[in-house]
Amino acid sequence: MTNFEMVETLREKANVSYEEAKDALEQSNWDLLDAMLLLEKAGKVNPGSARYSTKPEEEAEASEGGRKRRDGGEGARGALKWLGQSFCKLLRIGNANAFVVSRRGEELFSLPVTVFVVLMIFGFWFMFAALAVGLFCGARYSFRGPNLGKPSINEAMDRAAEAAETVKKEFRAHSEAAEPREQENDGDGAKNK
């Protein structure tokens with residue numbers, strides 16, 4: 001910051017004349033905080049009205065709880081900026097991780113999580129049905145990547161696949177047990193005729 005800028009800053013913050021601000025800065029060896037204190041001690045500044053921060057002006061205004069804004073839209077603009085940054089962060093995470101479909105230990109295909117989420121949003125019932133059918137056809141689902149490729153998440157996916165296998169085995173056992181009874185009934189019916 002140049003000397004002129006320092007004088008202007010002090011003049012603005014302390015509400016004093018240019019000459020008073022320049023004299024105070026010269027006496028304090030161009031230290032803004034010391035110059036502000038000198039002006040306060042001299043009674044030229046109301047102690048409660050003068051403020052100075054080493055933060056950039058935008059940060060200082062934000063830390064004051066938004067009391068002092070240049071225009072009324074700063075709050076909405078800040079919220080939109082935060083929302084946009086959060087959305088971009090989610091996209092980066094979604095694109096860095098993948099939803100993987102495999103069968104018998106061989107990877108069939110993988111999708112970025114972002115694509116998977118979009119498909120789930122716009123085609124929930126179709127995707128739900130496809131995932132359920134896939135489980136009963138021996139497909140296994142998992143996530144791969146730095147954020148979602150954690151063992152706890154993939155273990156939960158494995159438990160779902162194992163539950164589907166258990167249901168399949170019970171269904172087969174039940175249908176195989178029912179087949180001999182049907183054959184016996186067909187045989188008895190043939191004898192009676």
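These legends describe close-up views of a predicted model.

**View 1. Overall fold of the protein.** The protein has eight helices and three strands. Read from the N terminus, the order of elements is α-α-α-α-α-β-β-α-α-β-α. The chain counts 193 residues, and 21% of them are classed as buried. The accessible surface is about 14200 Å². Carbon and sulfur atoms account for 57% of that surface. Contacts were also sorted by sequence separation. Taking those between residues at least 6 apart in sequence, 39% link residues at least 24 apart.

**View 2. The hairpin of strands E1 and E2.** Strand E1 covers residues 98–103, and strand E2 covers residues 106–112. The two strands run antiparallel and are joined by six bridges. One pairing to look for is Phe 99, whose bridge partner in E2 is Leu 111. Two residues lie between the strands of this hairpin. Arg 104 sits in the turn, with a positive phi of about 55 degrees.

**View 3. Ser 102 and its surroundings.** Ser 102 belongs to strand E1. Its relative accessibility is 17%. Ser 102 therefore counts as buried, the cut-off being under 20% relative accessible area. Which residues does Ser 102 touch, leaving out those up to four places away in sequence? They are Glu 107, Leu 108, Gly 138, Ala 139 and Arg 140. Of these, Glu 107 and Leu 108 fall within the 106–112 range of strand E2.

**View 4. A nonpolar surface patch.** Four residues make this patch: Val 117, Val 118, Ile 121 and Phe 122. The patch has an area of about 420 Å². Val 118 is found in helix H6, which spans residues 113–122. Is Val 118 buried or partly exposed? Its relative accessible area is 40%, so Val 118 is partly exposed. Patch residues must have over 30% relative accessible area, and Val 118 has 40%.

**View 5. Cysteines Cys 88 and Cys 137.** The structure holds zero disulfides. Cys 88 has a relative accessible area of 39%, so this residue is partly exposed. Cys 137 has a relative accessibility of 42% and therefore also counts as partly exposed. Both values fall between the limits for buried, under 20%, and exposed, over 50%.

Methods:
Residues numbered from 1 in each chain as written. Predicted model: local features only at pLDDT ≥ 70, side-chain atom pairs only at ≥ 80, totals over all residues. Heavy atoms only, no water. Patch = residues over 30% accessible without salt bridge, like charges linked within 9 Å, V, L, I, M, F, W, Y side chains within 5 Å. Areas by Shrake-Rupley, 256 points an atom, 1.4 Å probe, with all protein chains shown as cover. Salt bridge = Lys/Arg side-chain N within 4 Å of Asp/Glu carboxyl O. Helix = DSSP H or I, 4+ residues; strand = E, 2+ residues; numbered from the N terminus. Buried < 20%, exposed > 50% of the residue type's maximum accessible area, 1.4 Å probe, protein only. Contact = heavy atoms within 4.5 Å. Disulfide = S-S within 2.5 Å. Pairing = 2+ DSSP bridges.
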